[in-house]
Amino acid sequence: MKAVILDGQTLNPGDNPWTPIERILPVTLHEKTVNEDIIDRSKDAEILLTNKTPLTRETLLQLPKLKYIGVLATGYDVVDIDAAAELGIVVTNTPGYANNAVPEHVFALIFECYRQIGLHSKQVKHGEWGQNGQFCFWNTPQRELGGKTIGIIGFGNTGNNVARIANGFGMNILAYAPRPKPLPKYSNFNYAELSDVLAQSDIVTLHCPLTEDTKHIINEASLKIMKQDAIIINTARGPLLEEQAVADALIQGKLGGLAVDVVSQEPIASDHPFLSTPNTFITPHLAWATIEARMALMQIAADNIKAFLAGTPHNVVTS
């Protein structure tokens with residue numbers, strides 16, 4: 001079978017060889033593919049691997065040889081799943097590869113909001129500690145995690161691992177999961193309705209897929225429910241936030257802080273509202289990108305291809 005990787009640079013910028021996949025079948029690698037080149041590069045492929053290159057219904061209709069799409073990520077909103085199913089194209093994703101990477105980044109963002117370590121390190125280097133006259137100083141409120149309530153929206157692998165870490169910090173944990181999930185064995189854990197999670201949480205962190213139901217799940221109405229000093233963490237998908245509404249809440253002092261690893265259009269535009277809002281921290285979609293996580297993703301992607309070729313596909317996604 002002919003396999004094509006449409007956008008491989010982020011998974012392997014040079015430190016994560018494609019060997020697990022190349023052992024299975026030969027591949028044509030493209031570091032990045034713009035929309036205008038998708039069909040030309042994919043037209044002879046029976047297997048396509050994509051991370052963020054979109055595969056729309058219109059595109060899939062023009063790829064009659066295509067039998068399999070491997071999404072090199074957990075989220076699969078870049079593929080029109082309904083169209084793929086109608087055309088008999090199997091679509092898989094790669095869940096579980098970032099079970100440590102993303103939850104750890106969530107807490108890195110939380111600590112930046114609560115302690116602003118980077119800011120204080122910069123101030124020390126600029127001489128403020130030496131000129132202060134005291135053995136210590138701080139220019140932002142310093143807060144602890146113990147006893148705070150963290151609200152987790154979406155409770156798959158990532159949300160579950162965020163809860164595991166939060167439990168270690170002695171936090172109270174609320175989770176919203178639209179479908180039934182097992183109850184973790186933490187005495188400080190409860191499932192709750194979305195409105196209760198928003199109203200009671202000091203920290204709200206998003207770990208749900210992007211769907212029609214979850215788009216703008218944080219919006220003007222939901223922001224009004226939240227505590228005025230609450231912070232929002234988004235390492236999932238940018239459109240989960242109604243970004244202008246969140247920016248307005250930050251500017252008006254109706255939200256305590258925001259830390260995001262994702263925005264609606266990536267890379268971020270120079271006029272994005274979050275670039276000028278107070279108490280806002282932004283990282284460039286790198287929560288997933290530890291070398292350990294990317295190596296695990298590569299292996300899962302290879303295992304998915306093996307299973308498909310053996311006639312027993314797993315990690316298949318449906319609408």
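Here are three short exercises on this predicted model, each with a worked solution.

Residues are numbered from 1 along each chain as its sequence is written. Local features need pLDDT of at least 70 and side-chain atom pairs count only at pLDDT 80 or more, while totals for chains, interfaces and linings use all residues; side-chain values use heavy atoms, with hydrogens and water left out.

**Exercise 1. Two helices**

Work out how helix α5 packs against helix α8, and which residues make the contact.

*Step 1.* Find the helices: α5 covers residues 101-115 and α8 covers residues 157-168. Helices here are DSSP runs (H or I, at least four residues) and strands are E runs of at least two, numbered from the N terminus.

*Step 2.* Take the angle and the distance: about 50 degrees, with the axes 9 Å apart. That makes α5 oblique to α8, because angles under 35 degrees count as roughly parallel, over 145 as roughly antiparallel, 65 to 115 as roughly perpendicular and the rest as oblique.

*Step 3.* List the contact (heavy atoms within 4.5 Å). From α5 come Val102, Pro103, Glu104, Val106 and Phe107, and from α8 come Thr158, Asn161, Val162, Ile165 and Ala166.

**Exercise 2. The nonpolar core**

Find which residues of the largest nonpolar core touch the most other members, then follow Ile203 outward.

*Step 1.* Fix the terms. A nonpolar core is a set of buried Ala, Val, Leu, Ile, Met, Phe, Trp, Tyr and Cys residues joined through side-chain atoms within 4.5 Å. Buried means under 20% relative accessible area, exposed over 50%, and partly exposed in between (1.4 Å probe, protein chains only).

*Step 2.* Of the 48 residues in this core, Ile21, Phe107, Ile150, Ile203 and Ile233 touch the most other members. Elements that each supply at least two residues include β1 (3-5), α5, α8 and α12 (291-309).

*Step 3.* Leave aside neighbours of Ile203 within four places in sequence; its contacts then include Ile110, Tyr114, Leu145, Ile150 and Ile233.

*Step 4.* Look for another core: a second, separate one of 26 residues includes Ile217, Ile232, Leu241 and Ala245.

**Exercise 3. Phe308**

Decide whether Phe308 is buried or exposed, and name what it touches.

*Step 1.* Place Phe308 in helix α12.

*Step 2.* Its relative accessible area is 14%, so Phe308 is buried.

*Step 3.* Not counting residues up to four places away in sequence, Phe308 touches Met1, Lys67, Tyr68, Val90 and Pro313.

*Step 4.* Check one partner: Val90 lies 218 residues from Phe308 along the chain, yet their C-alpha atoms are separated by 8.3 Å.

Conventions:
Axes are lines fitted to C-alpha atoms, for helices over the stretch in contact, and angles run from 0 to 180 degrees between N-to-C directions.
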